Amino acid sequence: MIQLIEKYFPELTPLQRQQFSAMPALYEDWNAKINVVSRKDMDNFVEHHVLHSLAIAKVMRFLPDAQVLDVGTGGGFPGIPLAILFPETQFHLVDSIGKKIRVVNDVAQQLGLQNVRAEQIRAEELRQKYDFVVSRAVTDLNQFVKWVRGRFTSHQRHILPNGILYLKGGNLKQELAPFGRQITLYPIDEFFDEPFFETKMVIHLPMDAR
C-alpha cells in the first residue's frame, strides 16, 4: 500500500514510509470498535483517504512552523497524512464529536506525531489564527466560510495567499458561484492517475485576517 503513496511522493523519508505503512492497521483496529471510516471504504483506505488527503500537498507545500487547522477532521483526514508529510508544520485537528478526536489522538500518538493537536470543539468557538484551514467536504463551502471567517493570520509566507484548501468533488458550479474569481480549482486527476479522483478538486479560497 505504501507503494501508491511513494508513486506520487518519492521523496519520503524512512520514518514517513514507516508512518504511512502503519496507518491501515491502526484504522482497521479502531474501525472494529467504532465506525471511523466507512467499512466498504477500508479496502481502498490508502487511495480514498490517505492519498486523497495528500492532494492538498500537490497544491501547497506548507512551511516549517506554519499553522494549519483541519475542521471536521473525523478520524484525522486530511490532517494526519499532511502532518506526516510536513513534520515541521503545526496541525490543529478539530471535530465536534469526541469519539473521533479520541481516534485522532491515539493514531497521532502511535505514529509518533509531535506536530498534531486534536481537540473536540466547533470551528466557530476557536480563537486562534492560522495560515490555512483544510477540510474534506464537511459542508457547503458557503457555510464553511462562515465557520472559519476571521481565523486567518495576516502574515503571508506561502506561494498561495492564506486561506481555505478544501477537498470536494462533483458538480460545484452552483456552490462556488458566489465566490467568482476568488476561487482557484485544482483537478486532482492532474496529480493522481486513479479513476477515483476524476471529479475531485482541491479548492483554494483566499481569506483575509478579519
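# Notebook: a sheet, its helices and a few odd spots

At 38% relative accessibility, Ala-137 goes down in my notes as partly exposed, because buried needs under 20% and exposed needs over 50%. I should say straight away that this is a predicted model.

**Entry 1: Ala-137 and its backbone**

I started with Ala-137, so I looked up where it sits. Ala-137 belongs to the loop between β4 and α6. Its phi is near 45°, which is a positive value in a residue other than glycine. I jotted down the background: most residues other than glycine have a negative phi, and most peptide bonds are trans.

**Entry 2: two other backbone oddities**

Next I checked Asp-65, where phi is near 70°, again positive in a residue other than glycine. Asp-65 is placed in the loop between α3 and β1. Is Asp-65 buried or exposed? I found a relative accessible area of 54% for Asp-65, so it counts as exposed, the cut-off being over 50%.

Then I went looking at peptide bonds. Phe-77 and Pro-78 are joined by a cis peptide bond, with omega at about 10°. I traced Pro-78 to the loop between β1 and α4 (79–85).

**Entry 3: the sheet**

How many strands form the open sheet, and in what order? I wrote down seven strands, running β3-β2-β1-β4-β5-β7-β6, with mixed pairing. The edges are β3 (116–120) and β6 (184–187); each has a single partner strand, so one side of each has no neighbour in the sheet. On average, neighbouring strands are turned by 20° against each other, direction ignored.

**Entry 4: β5 and its neighbours**

I picked β5 (163–169) for a closer look. Six of its seven residues are buried, so I noted β5 as mostly covered, with buried meaning under 20% relative accessible area. With β4, strand β5 pairs in the parallel sense over five bridges. One pair I found there is Arg-136 with its bridge partner in β5, Leu-167. To get from β4 to β5 the chain goes through α6, and this β-α-β crossover is right-handed.

With β7, strand β5 runs antiparallel, and seven bridges join the two. I looked up two facing pairs: Leu-165 stands opposite His-204 in β7, and Gly-163 stands opposite Pro-206 in β7.

**Entry 5: β7 and the edge strand β6**

Strand β7 covers residues 200–206 and pairs with β6 in the antiparallel sense over four bridges. Here Leu-185 is opposite Ile-203 in β7, while Thr-184 is opposite His-204. I had already met His-204 across from Leu-165. Five of the seven residues of β7 are buried, so the rest of the structure largely encloses this strand.

**Entry 6: helices lying across the sheet**

Which strands does α3 lie across? I listed β4 (132–136), β5, β6 and β7, with α3 running at about 140° to β5. Helix α6 (residues 141–148) lies across β1 (67–71), β4, β5 and β7, and runs at about 150° to β5.

**Entry 7: His-52**

I zoomed in on α3 (residues 45–59), where His-52 is found. Its relative accessible area is 7%, so I marked His-52 as buried, since the limit is under 20%. What does His-52 touch, leaving aside its neighbours within four places in sequence? I got Glu-47, Arg-136, Leu-167, Ile-188, Phe-196, Phe-197 and Lys-200. Two of these names were in my notes already: Arg-136 and Leu-167, the bridge partners from Entry 4. I also checked Ile-188: it is 136 residues from His-52 along the chain, yet their C-alpha atoms are separated by 8.4 Å.

**Entry 8: α2 against α5**

Last stop was a pair of helices. Two packed helices are described by the angle between their axes and the distance between the axes. For α2 (residues 14–31) and α5 (residues 98–111), I noted an angle of about 145° and axes 10 Å apart. Their crossing is right-handed.

Which residues meet here? From α2 I listed Gln-19, Ala-22, Met-23, Leu-26, Tyr-27 and Trp-30; from α5, Arg-102, Val-103, Asp-106, Val-107, Gln-110 and Leu-111. Sorted by class, this contact has eight nonpolar, two polar and two charged residues.

How values were computed: Residues numbered from 1 in each chain as written. Predicted model: local features only at pLDDT ≥ 70, side-chain atom pairs only at ≥ 80, totals over all residues. Heavy atoms only, no water. Axes fitted to C-alpha atoms, helices over the stretch in contact; angles between N-to-C directions. Left-handed = near helix turned anticlockwise from the far one by under 90°. Contact = heavy atoms within 4.5 Å. Nonpolar A, V, L, I, M, F, W, Y, C, P; charged D, E, K, R; others polar. Buried < 20%, exposed > 50% of the residue type's maximum accessible area, 1.4 Å probe, protein only. Pairing = 2+ DSSP bridges. Right-handed = clockwise from strand over helix to strand, strands pointing away.
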